[in-house]
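Here's a quick tour for anyone meeting this structure for the first time. Have a look at it, then read on for the charged pairs, the empty spaces inside and a spot on the surface.

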Amino acid sequence: MTTPRGAGAGEADAIVVGAGLAGLVAACEIARGGRSVLLLEREGEQDLGGQAWWSFGGLFMIDTPEQRRLGIRDSLDLARQDWLGTAAFDSPEDHWPRRWAEAYLQFAAGEKRSWLHALGHRSFPVVGWAERGDGRAEGHGNSVPRFHVTWGTGPGVVEPFARRLAELRASGQVRLLTRRAVTEVLVEGGRAVGVRGDVLAEDPAPRGSGSSREVVGEFELRAPAVLVATGGIGGNAELVRERWPEELGTMPHDIVHGVPESVDGSGMIAAHAAGGSWIHQRRMWHYTEGVRNWDPVWRGHGIRILPGPSSLWVDALGQRLPAPAFPGFDTMSTLRHLRTTGHDHSWFVLTPAIIAKEFALSGSEQNPDLTGRDWRQVLARVRPGAPGPVQAFLDHGEDFLQAGSVPELTAAMNALVGEELVDAVALERTIRARDAEVVNAFGKDAQITALRGARRYLGDRLIRTAAPHRLLDPAAGGLIAVRLHVLLRKTLGGLETDLGGRVQRADGTGTLPGLYVAGEASGFGGGGMHGHSALEGTFLGGCLFSGREAGRGIVADLR
């Protein structure tokens, strides 16, 4: 093993910009290869792990023991069919994204689970079924459940790498410099040689809450390798608006944010300004089931509902959404449809029985049982009533309404938005039509058919899908309406990279030596390995994989 060099404040073998998940993985991998690392983070040390820490901790994996125990028959070929049907690669710029997609599929079907397991990672035994698809075998969606929830949620994903980082810092192989805001990647003689930026004032602000941008100095650091892992643009509404996909019409004005303000695209902009190729800038991933957090951490903080398949989804006028726009089935198709309605919000209409069993809230802080690895709390989920965090939104969330009848519920819905948009008679007619399909074990309603199919999967039947019932059944306990907002989240495009994380030049002349990108800033690999859409559980996994491969690429290039 090579002896680490350059432990000084302005000297190292590699500079890693961003201490989120991809940056942590890359820094650990570079140090494991015997090289010294300067790890720069704009926020404080309390923000180590970045967005990953706040996540639900879902990981896409293929043909695992957890799947097999639940009777799920998965394979690399089936996952590849699902991925390609979802990505719909259609551009000459998809050369590296396609190669990254295949490499990631091989990783998810091969060493991903064993690699993480050796680091101490464990999964919750019930595998979730996210993005259930558009109804076509070769189209979008997961044919089988593949969403492996980390035991410990997002913090449980970050923990092995944060622990390793602490060891590497103690040994001097990695030096962490916080409150360093990189504004420029230095390029000399056609290669990246370092970074320049501002030193920010110390700020003990709690994780994710937004810190001071007061500049107290400047810095310039040099190294033969610079890796940018600063995340995407989801916290920067202005930048999202500039790049909003034309196919989605206009960006909504009434939005919520699923990521902190620090996810502002600054690292991507710096890498692009240095000559890196930023492809697929208009490919994004935003959720349609966002609610305003009644106890926000950051500005405009929204929480995504992870819905089961039973809620009736209607638009702002109370009209039922068409297939495949069912809860949890096809995020992009649903967003595309909702942007044609002329309104920024939509509604779930459901019952207490549905919310008790089917509503999960994305985020580590919204799942204290899983995050705290507390089996007693987890088992409490099977008891009657909504889980504690969901009940808190019922009690305090501005988007949650409860009523005893459709007219009463409709009046509350219209009062909340300040317009008489929903007609009570029409909404009740829609609900009764849906309810008429529930009384038989068969029927023509595609959502009810999908609901019954979901309950054939043991994991759904146990903890995720309520028994089919009429929404207007008095025994169901009344009615609930939840106003839904578009929640800004992920950047699907990014800096174009080869399989070693090496950034490609914007002029098409090959690699920009010395510059590497990983994580969301690289579109999770290659500049957009998801293509036009995603299967879920692939974002954290993309950070893990691209961070690891970029770190290994740096070690190989420094030999």
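**Salt bridges, cavities and a patch**

Searching the whole structure turns up 44 salt bridges. Keep in mind that this is a predicted model. The same kind of whole-structure search gives three cavities of 30 Å³ or more.

**Salt bridges**

- A bit of background: side chains of opposite charge can pair when their charged atoms come close.
- Asp-13 and Arg-35 make one of these bridges, with their closest N and O atoms 3.9 Å apart. Asp-13 sits in the segment before strand 1 (14–17), while Arg-35 is in the loop between helix 1 (21–32) and strand 2 (37–41), 22 residues apart. Both partners, Asp-13 and Arg-35, are buried.
- Asp-74 pairs up with Arg-146, and here the closest N and O atoms are 2.8 Å apart. Asp-74 is in the loop between helix 3 (65–69) and helix 4 (76–87) and Arg-146 is in the loop between helix 6 (112–118) and strand 4 (147–149), so the bridge ties together parts that are 72 residues apart in sequence. Asp-74 and Arg-146 are buried too.
- Glu-220 meets Arg-196 in a salt bridge at 2.9 Å, N to O. Glu-220 belongs to strand 8 (residues 215–222) and Arg-196 to strand 7 (residues 191–200), which puts them 24 residues apart.
- Glu-220 counts as partly exposed because its relative accessibility is 38%. Arg-196 is also partly exposed, with a relative accessible area of 32%.
- That pair has company: bridges with shared partners join Glu-184, Glu-188, Arg-196, Glu-220 and Arg-222 into one network.

**Cavities**

- The largest cavity holds about 90 Å³ of space. It is lined by 15 residues, and the closest to its centre are Glu-43, Gly-208, Ser-209, Gly-210 and Ser-211. By type, the lining splits into three nonpolar, seven polar and five charged residues.
- The second largest cavity has about 60 Å³ of space. Its lining includes Thr-288, Arg-339, His-343, Asp-344 and Leu-484. Strand 18 (residues 479–491) gives the most to this lining, with three residues. Here the split is three nonpolar, six polar and two charged.

**Surface patch**

- Val-382, Leu-458, Leu-462 and Ile-463 make a nonpolar surface patch of about 330 Å².
- Where does Val-382 sit? You'll find Val-382 in the loop between helix 13 (375–379) and helix 14 (388–396).
- Val-382 counts as exposed because its relative accessibility is 60%, and the cut-off for exposed is over 50%.

Technical notes:
Residues numbered from 1 in each chain as written. Predicted model: local features only at pLDDT ≥ 70, side-chain atom pairs only at ≥ 80, totals over all residues. Heavy atoms only, no water. Patch = residues over 30% accessible without salt bridge, like charges linked within 9 Å, V, L, I, M, F, W, Y side chains within 5 Å. Areas by Shrake-Rupley, 256 points an atom, 1.4 Å probe, with all protein chains shown as cover. Salt bridge = Lys/Arg side-chain N within 4 Å of Asp/Glu carboxyl O. Helix = DSSP H or I, 4+ residues; strand = E, 2+ residues; numbered from the N terminus. Buried < 20%, exposed > 50% of the residue type's maximum accessible area, 1.4 Å probe, protein only. 1 Å grid on protein atoms, 1.4 Å probe; cavity = no way out; pocket = protein on both sides within 12 Å on 5 of 7 lines; lining within 4 Å. Points joined across faces, edges and corners; volume = space filled by probe spheres on them. Nonpolar A, V, L, I, M, F, W, Y, C, P; charged D, E, K, R; others polar.
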